[in-house]
Amino acid sequence: MDTNEKTGEVISRNFIEEAIDKDLEEGKYETVHTRFPPEPNGFLHIGHAKSILLNYGLAKEYGGKFNLRFDDTNPTKEKSEFVEAIKADVQWLGADFEDRCFFASNYFDTMYEKAVLLIKKGLAYVSDLSADQIRETRGTLTEPGTNDPMRERTIEENVKLFEEMKAGVYPDGSKVLRAKIDMASPNINMRDPVIYRIAHMSHQNTGDKWCIYPMYDFAHPIEDAIEGISHSICTLEFEDHRPLYNWVVDNTDWEEPPRQIEFAKMYLKNVVTGKRYIKKLVEQGIVDGWDDPRLVTIAGLRRRGFTPESIQKFVEITGVAKANSTVDYAELEYCIREDLKMKKPRMMAVLHPLKLIIDNYPEGQTEMLTAENNLENPELGTHEIPFGRELYIEADDFMEVPVHKYKRLYPGNEVRLMHAYFVKCVGCDKDKDGNVVAVHCTYDPETKVGSGFTGRKVKGTIHWVPAKEAVTATVRLYENLIDEEKGVYNEDGSLNLNPNSLTVIEDAKLEPACADAKAYDSFQFVRNGFYCVDCKDSKPGAPVFNRVVTLKSSFKLPAKG
């Protein structure tokens with residue numbers, strides 16, 4: 001615990017900060033240098049956002065540096081498309097890596113040299129066993145592994161074979177380089193792990209220069225050491241790999257080796273984050289790419305209308321822990337509501353339009369009414385709305401035969417039109433099938449908002465848009481991609497998809513103030529929720545709005561203390 005010198009408030013330190021404090025006090029490191037090391041084999045998701053912001057936040061807190069490094073050691077699934085998408089995500093989240101964007105593949109020469117160093121130290125050897133044979137001889141949690149028949153090859157023979165592997169002499173899978181550690185180690189990761197394999201594949205960054213590629217557990221600590229990373233912050237599944245991480249840096253001769261610290265992953269309930277599942281959804285056309293707004297990829301959240309600040313808040317309130325936890329999606333929705341409610345203008349939008357005709361309002365007349373942009377933030381000012389004889393209202397704001405306690409429009413009832421006048425329903429028009437196509441009302445000109453009228457009260461207020469000036473838009477309503485009642489996965493491993501995850505409304509009517517909205521502009525639509533202009537499909541004159549989040553939720557932030 002620390003205390004704020006100005007306020008006297010006790011500041012809680014998480015276990016990573018406590019470890020870094022101790023390292024700095026003991027002089028183990030002079031500065032803090034962190035990194036985010038994604039593999040460019042897909043788009044990032046909300047879990048990655050936590051890692052990005054944690055690593056960047058630690059560097060910023062201690063006045064250190066933060067790197068973005070692409071862990072591109074596996075050419076089979078990596079693409080330059082994913083590299084660019086990841087850069088955009090990290091920058092959008094506000095994690096400034098400045099000019100420090102690196103690629104593990106740029107260190108392949110050094111990694112090769114360090115592998116040769118291990119061979120010459122008698123700590124690595126070339127094996128002829130297949131992947132299946134290595135797996136079979138690895139042992140179990142209760143039984144030790146079996147030594148590789150090639151474990152005692154001479155240093156000279158191993159150097160020659162490894163050079164021939166690099167030169168492309170051998171086919172894929174015929175040989176590997178293994179670290180020589182301990183086949184009886186209680187930690188299976190230490191039982192002579194493979195550190196290099198042959199793969200005659202073109203690499204997205206290095207092309208055809210290499211036909212051997214390092215394994216992650218060998219490459220990662222070397223990457224950290226090359227970049228001068230002080231604290232390698234990673235997720236909990238790498239805890240069992242830490243002894244191997246330390247073994248690599250200890251035996252490849254670094255003056256100031258990095259330290260690995262693990263933290264717990266955060267899982268969101270009933271969402272899809274697995275790259276292979278998202279890839280399948282994309283390929284099958286079930287979602288509109290890796291940035292579909294129903295996904296919790298960072299690009300999908302951005303396209304839907306989430307803000308960097310909302311995700312930063314989400315990461316902050318979920319905290320840093322040593323045990324994996326699961327969080328409700330409602331908590332993420334809470335954060336975006338809290339962020340948008342004070343920032344965004346409040347507009348009227350009619351998603352299911354029904355014509356309303358004010359019979360006693362002068363034909364051809366238009367007057368401008370004033371509306372506050374945000375009732376909770378007067379600094380956002382006001383805007384003007386044209387008002388005339390014909391308007392659109394929500395279809396469910398009228399009932400010819402009202403149900404009990406219905407307070408909106410029905411024959412003989414009076415309501416307030418938001419920002420405007422009292423109107424009284426006098427009837428409706430129907431088509432030949434009996435469907436209501438227009439509602440008729442009269443208005444009381446004495447009841448204009450701001451006039452000081454106190455003659456009588458009404459129980460209902462409804463929103464509207466002017467028929468003549470309304471903007472026609474497509475509106476997309478999203479639900480969870482997963483059927484929450486059934487859970488994420490079926491017994492066969494397939495996804496339980498919600499058939500109602502997307503509802504498209506083609507003929508919504510919006511205030512004319514929305515006409516010039518650009519990609520990512522967002523608004524609160526009165527009574528409906530927060531909506532954002534879609535960055536891919538929206539076009540001038542044909543806007544598309546994504547619902548970011550509804551207005552209400554059962555989630556409440558836990559009280560402090």
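**Figure 1. The whole chain, seen through its buried share and its overall dimensions.** Of the 561 residues in the protein chain, 51% count as buried. What you are looking at is a predicted model. The chain holds twelve helices and 29 strands. Its C-alpha trace spans about 100 × 60 × 40 Å along the principal axes. The radius of gyration is 31 Å, while a compact globule of 561 residues would have one near 24 Å. Among the contacts with a separation of 6 or more, 70% join residues that are 24 or more positions apart.

**Figure 2. The surface and the charges of the protein chain.** Here we turn to the outside of the model. The accessible surface comes to about 26800 Å², and carbon and sulfur atoms account for 48% of that area. The chain carries 72 positive and 92 negative charges. If you take the mean position of each set, the two points are 3 Å apart.

**Figure 3. Helix α8 and its surroundings.** This view follows residues 242-251, which form helix α8. Have a look at L244, Y245, W247, V248, V249 and N251: these residues of α8 are buried. Their cover includes three strands, β7 (176-179), β10 (231-235) and β11 (259-263). Helices α4 (108-120) and α7 (216-227) are also among the elements that cover the buried residues of α8. Just after the helix comes D253, which has a positive phi, near 60°.

**Figure 4. D397, a buried aspartate in a loop.** Find strand β19 (390-394) and strand β20 (414-417), then look in the loop between them for D397. D397 counts as buried because its relative accessible area is 0%, under the 20% cut-off. Which residues does D397 contact, leaving aside its neighbours within four places in sequence? Its partners are Y406, R408, L409, I462, H463 and R527.

**Figure 5. Cysteines C101 and C514.** How many disulfides does the chain have? The count comes to zero, with a pair of cysteine sulfur atoms needing to lie within 2.5 Å to qualify. C514, for one, is in no disulfide, and the nearest cysteine sulfur, that of C532, is 12 Å away. Is C514 buried or exposed? C514 has a relative accessible area of 1%, so this residue is buried. C101, in contrast, is partly exposed, with a relative accessible area of 22%.

Technical notes:
Residues are numbered from 1 along each chain as its sequence is written. This is a predicted model: local features need pLDDT of at least 70, side-chain atom pairs count only at pLDDT 80 or more; totals for chains, interfaces and linings use all residues. Side-chain values use heavy atoms; hydrogens and water are left out. Helices (H or I, at least four residues) and strands (E, at least two) are DSSP runs, numbered from the N terminus. The radius of gyration is taken over C-alpha atoms; the globule rule is 2.2 Å times the number of residues to the power 0.38. Buried means under 20% relative accessible area, exposed over 50%, partly exposed in between (1.4 Å probe, protein chains only). Contact means heavy atoms within 4.5 Å. Accessible areas come from the Shrake-Rupley method with a 1.4 Å probe; for residues, only the protein chains shown count as cover. Lys and Arg count as positive and Asp and Glu as negative; His and the chain ends are not counted. The place of a charge is taken as NZ of Lys, CZ of Arg, CG of Asp or CD of Glu.
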